[in-house]
Amino acid sequence: MKHRPPAQVTDDDARLFRDAIGEVRRIDPVAPAPAAPKPEPQAHMFEADEAAVPGELLDMAFDPGLMEVGEELSYLRDGYPPKLLKQLKRGQFSIQDDIDLHQMNAAAAQATIADFLAEAKERGFRCVRIVHGKGLRSRAAGPVLKALTDRLLRRRDDVVAFASARPMQGGTGAVVVLLKG
């Protein structure tokens, strides 16, 4: 569909239009009505969250016994500066590899740790993580794999230091190991 330019309005057309409309009275412009004031903003979600807190505190949806407190592992070989262990605990070393011992028995875990550390040394890794778990399903003797990992790492000559991982890396259910370079 083509668009045609509008036809020119001639003087005759304008006169005919004014005759057909009749006399015109100008209307003075009217100022617009003032806008209604906007209501103050309300933080509905904040109020709902705050109102829910007392009920949530009474509900105790989390188990306080599972919180990260105590039972942290840490070790620093004699002859190394304590600053090294502090840096390891703060997560200042980049973890280059990790292994998970969950669902293993003690014998399998021992062999796996030995193989893992040998491979890490061969590949030139300096910092690795071993996930041993927290032993929540262990009997009265306590966490088996955690204690085993602690004993094995203390006996190895290639281990400079180790410490329980930071919470986002497994917390007391994992250990970060610093190997000789």
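Start by selecting Ile130, a residue of strand S3. Is it buried or exposed? Ile130 counts as buried, because its relative accessibility is 0%, and the cut-off for that label is under 20%. Keep in mind as you look around that this is a predicted model.

**Around Ile130**

With Ile130 still selected, show what it touches. Leaving out residues up to four places away in sequence, the list is Ile99, Leu101, Ile113, Phe116, Thr149, Leu153, Ala174, Val175 and Val177. Now pick out Val175 from that group. Along the sequence, Ile130 and Val175 are 45 residues apart, yet their C-alpha atoms lie 5.3 Å apart in space.

**The largest nonpolar core**

Next, widen the view to the core. The largest nonpolar core has 21 residues, and those touching the most other members are Leu117, Val128, Ile130, Leu153, Phe162, Val177 and Leu179. Try colouring the elements that each give two or more residues to this core: helix H4 (106–122), strand S3 (127–131), helix H5 (144–155), strand S4 (159–164) and strand S5 (174–179). Which element gives the most? It is H4, with 5 residues.

Now select Val128, another of the core members with the most such neighbours. Apart from residues within four places in sequence, Val128 is in contact with Ile95, Asp97, Phe116, Leu117, Ala120, Val175, Val176, Val177 and Leu179. There is also a second, separate core, made of 12 residues, and among them are Cys127, Ala161, Ala163 and Leu178.

**Over to strand S5**

Your next stop is Val176, in strand S5. Val176 is buried, since its relative accessible area is 5%, while the limit is under 20%. Ask the viewer for the distance from Val176 to Leu88: these two residues are 88 apart along the chain, and 7.5 Å separates their C-alpha atoms. Leu88 is also among the residues that Val176 touches, together with Ile95, Cys127, Val128, Arg129, Ala161, Phe162, Ala163, Ala165 and Gln169, again not counting residues up to four places away in sequence.

**A cavity to look into**

Val176 leads on to another feature, as it is one of the residues lining the largest cavity. To see the whole lining, select Leu88, Lys89, Gly91, Gln92, Phe93, Ile95, Cys127, Ser164, Ala165, Arg166, Gln169 and Val176. The volume enclosed is about 60 Å³. How many cavities of 30 Å³ or more are there? The count comes to 1.

**Asp98 and its partner**

Move now to Asp98, in strand S2 (residues 97–100). Asp98 is partly exposed, because its relative accessible area is 35%, between the 20% and 50% limits. Setting aside neighbours within four places in sequence, Asp98 is in contact with Phe116 and Arg129. Show the side chains of Asp98 and Arg129 as sticks, and you can find a polar contact between them at 2.4 Å. Val131 is worth a click too: Asp98 and Val131 are 33 residues apart in sequence, with 7.4 Å between their C-alpha atoms.

**Two backbone spots and a bare helix**

Follow the chain from S2 towards H4 and stop at Gln103, in the loop between them. Its phi is near 70 degrees, a positive value in a residue other than glycine. Gln103 is exposed, because its relative accessible area is 67%, and the limit for exposed is over 50%.

Then go back along the chain to helix H1 (residues 11–21). How many of its 11 residues are buried? The count is 0, and the helix is hardly covered. Gly22 follows H1, and its phi is positive as well, near 95 degrees.

**Zooming out**

Finish with the whole chain in view, coloured by helix and strand. You should find 5 helices and 5 strands, running along the sequence in the pattern α-α-β-α-β-α-β-α-β-β. The chain has 181 residues, and 26% of them are buried. Turn on the surface to see the outside: the accessible surface is about 14,100 Å², with 55% of it belonging to carbon and sulfur atoms. Finally, consider contacts between residues at least 6 apart in sequence: 67% of these join residues at least 24 apart.

Key. Residues are numbered from 1 along each chain as its sequence is written. This is a predicted model: local features need pLDDT of at least 70, side-chain atom pairs count only at pLDDT 80 or more; totals for chains, interfaces and linings use all residues. Side-chain values use heavy atoms; hydrogens and water are left out. A nonpolar core is a set of buried Ala, Val, Leu, Ile, Met, Phe, Trp, Tyr and Cys residues joined through side-chain atoms within 4.5 Å. Buried means under 20% relative accessible area, exposed over 50%, partly exposed in between (1.4 Å probe, protein chains only). Helices (H or I, at least four residues) and strands (E, at least two) are DSSP runs, numbered from the N terminus. Contact means heavy atoms within 4.5 Å. Accessible areas come from the Shrake-Rupley method with a 1.4 Å probe; for residues, only the protein chains shown count as cover. A polar contact is a pair of N or O atoms within 3.5 Å; within protein, one must be able to donate a hydrogen and the other to accept it, and residues adjacent in sequence count only if both atoms are side-chain atoms. On a 1 Å grid over the protein atoms alone, a cavity is a set of points where a 1.4 Å probe fits but cannot get out, and a pocket is an open set with protein on both sides within 12 Å along at least five of seven lines; lining residues have an atom within 4 Å of a point. Grid points are joined across faces, edges and corners, and a volume is the space filled by probe spheres set on the points.
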